[in-house]
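Visitor: I'm new to protein structures, and I'd learn best by following one piece slowly. Please choose a single part of this one, look at it closely with me, and show me how its surroundings fit in.

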Amino acid sequence: MLIIRPIQAGDFEALYQIAEESGHGFTSLPVNADLLRHKIARAEASFVKTVDAPFDEGYLMVLEDTDTREVVGTCAIEAAVGMEDAFYHYRLGTEVYHSEQIDVRNEVETLTLCHDYTGAAEMCTLFLREAYRKGNNGRMLSRSRFLFLAQHAKRFGETVIAEMRGVSDAEGHSPFYGWLQKHFLGIDFIQADYLSGLGKKAFMAEMMPRNPVYVCLLPEEAQKVIGEVHTNTRPALSLLQAEGFRCRGYVDIFDGGPTVECRLSDIRGVRESRLLTVDIGDMVEADTQFIISNTQLANYRATSAALAVDEKSEHIIISPELAAGLLLAKGDQIRILAM
């Protein structure tokens, strides 16, 4: 059985290996032992913290194969970004130049550095090891977060965002970043991305262009990738778009990848999830796959299974094995979402 659960201190080695496998551009998991240990400790504290309003909590979870006890993936939700460290984006805008005297009108696209998403929740750190990228495993891992958002909505910002990885080559070089490196930052994309992942962002405020950047003045190869996603990220983007996420004109300051957003209450998976009360016994044979989670916090568990769901019933029969995997007893509630 594949079970999603909160990360634990004992998962450090697996998390470090995933950080190595994830490659360049996966900012949220830099290959740094101290930072990864801090992320684990922060998540452990967040899952047991009493919260009246979202602040700087981070809910990092792992996907465990219970047959092998191997951690095979990760996913996470940040409660409210930018509350401790600055959270930068470029906002795409338009400046209009018009002269009646010469009868000329031009619209020029601009990029303006901003902190507009401060306080938003963020879906991040989605990674599935290659051997498990089959069937509905990736969809379950990603969409399971909507069950967590639905159950614990008060812990998160009203807007939920996801930063999509932008275009870069196999060596980690970004066409969009090239002009920024040459004229402003002076360090390569991999180093800048790594420092950002460490939370060392002072150089951004010190060295990034302070005035709007005219897109038309950028190299053509940089212009072409603004708002475009990395090939490996296209499936993740399509999944989020199906949930109601849209790009509102914000892109990453390093690789130009789009950031998509949706109000938490408008996310399809949040709206369509429902609560059922559990009975334990022989499950009715079914064809429809559901993502299933318990309603707990520190002991959160989620998985997928075929369920025979009666739309009018508030109860569901699940097997003892499934109940054990989700830490459920008779009379407990589960939250479900059709795969």
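Guide: Happy to! We need one word before we start: a residue is called buried when its relative accessible area is under 20%, exposed when that value is over 50%, and partly exposed in between. Please also keep in mind that this is a predicted model.

Our part is helix α3, which covers residues 137-151. With that word in hand, look at how well α3 is covered: twelve of its 15 residues are buried. Among them are N137 and M140, and also the unbroken stretch that runs through R145, F146, L147, F148, L149 and A150. Charged and polar residues are on the list too, including R143, R145 and S144. As background, an α-helix has 3.6 residues a turn, so residues three or four places apart point the same way.

Is the helix as long as it ought to be, or shorter? At 1.5 Å a residue, its 15 residues should span 21 Å, and the C-alpha atoms at its ends are indeed 21 Å apart, so expectation and model agree.

What surrounds a helix that is mostly covered? The largest nonpolar core here has 41 residues, and those with the most contacts inside it are I4, L149, F156 and F245. Helix α3 gives the most to this core, with seven residues. Other elements join in: β1, β2, β3, β6, β7, α8 and β10, like α3, each supply at least two of its residues. A second, separate core of 23 residues includes I187, M208, L218 and V251.

Let's step from the helix to one of those well-connected core residues, F156. Leaving out residues up to four places away in sequence, F156 touches F148 and L149, both of which are on the list of buried residues in α3. The contacts of F156 also include P54, Y59, I77, A79, A121 and L264, and one of them is charged: E78.

E78 is worth following. It is buried, with a relative accessible area of 15%. Side chains of opposite charge can pair when their charged atoms come close. E78 forms a salt bridge with R42, and the closest N and O atoms are 2.6 Å apart. Because E78 lies in strand β3 (residues 70-78) and R42 in helix α2, this pair ties together parts that are 36 residues apart in sequence.

R42 has another partner, D56, with the closest N and O atoms 3.6 Å apart. Here R42 in α2 (residues 33-48) meets D56 in the loop between α2 and β2 (58-65), so the link joins parts 14 residues apart in sequence. D56 itself is partly exposed, at 26% relative accessible area. Right beside D56 in the numbering, E57 forms a salt bridge with K49, the closest N and O atoms being 2.6 Å apart. E57 counts as buried at 2% relative accessibility, whereas K49 is partly exposed at 37%. A search of the whole structure finds 16 salt bridges.

Now let's go back to the core and pick up another contributor, β10. Five of the six residues of strand β10 (residues 258-263) are buried, so the strand is largely enclosed by the rest of the structure. It pairs with β7 (residues 159-163) in the antiparallel sense over five bridges, with E163 standing opposite T259. It also pairs with β9 (residues 246-251), again antiparallel, over three bridges, and there C247 stands opposite V260. Strands β9 and β10 form a hairpin with six residues between them, where G256 takes a positive phi near 75°.

Do the cysteines here join up or stay apart? A disulfide is a covalent bond between the sulfur atoms of two cysteines. The structure holds zero disulfides. C262 is buried at 6% relative accessibility, but its sulfur is 13 Å from the closest cysteine sulfur, in C247, which is too far for a bond.

That is our tour: we began at α3, which is mostly covered, and followed the core to which it gives the most residues.

Note on methods
Residues are numbered from 1 along each chain as its sequence is written. This is a predicted model: local features need pLDDT of at least 70, side-chain atom pairs count only at pLDDT 80 or more; totals for chains, interfaces and linings use all residues. Side-chain values use heavy atoms; hydrogens and water are left out. A salt bridge is a side-chain nitrogen of Lys or Arg within 4 Å of a carboxyl oxygen of Asp or Glu. Helices (H or I, at least four residues) and strands (E, at least two) are DSSP runs, numbered from the N terminus. Buried means under 20% relative accessible area, exposed over 50%, partly exposed in between (1.4 Å probe, protein chains only). A disulfide is a pair of cysteine sulfur atoms within 2.5 Å. Two strands pair if DSSP finds at least two bridges between them. The expected span of a helix is 1.5 Å times one less than its number of residues. A nonpolar core is a set of buried Ala, Val, Leu, Ile, Met, Phe, Trp, Tyr and Cys residues joined through side-chain atoms within 4.5 Å. Contact means heavy atoms within 4.5 Å.
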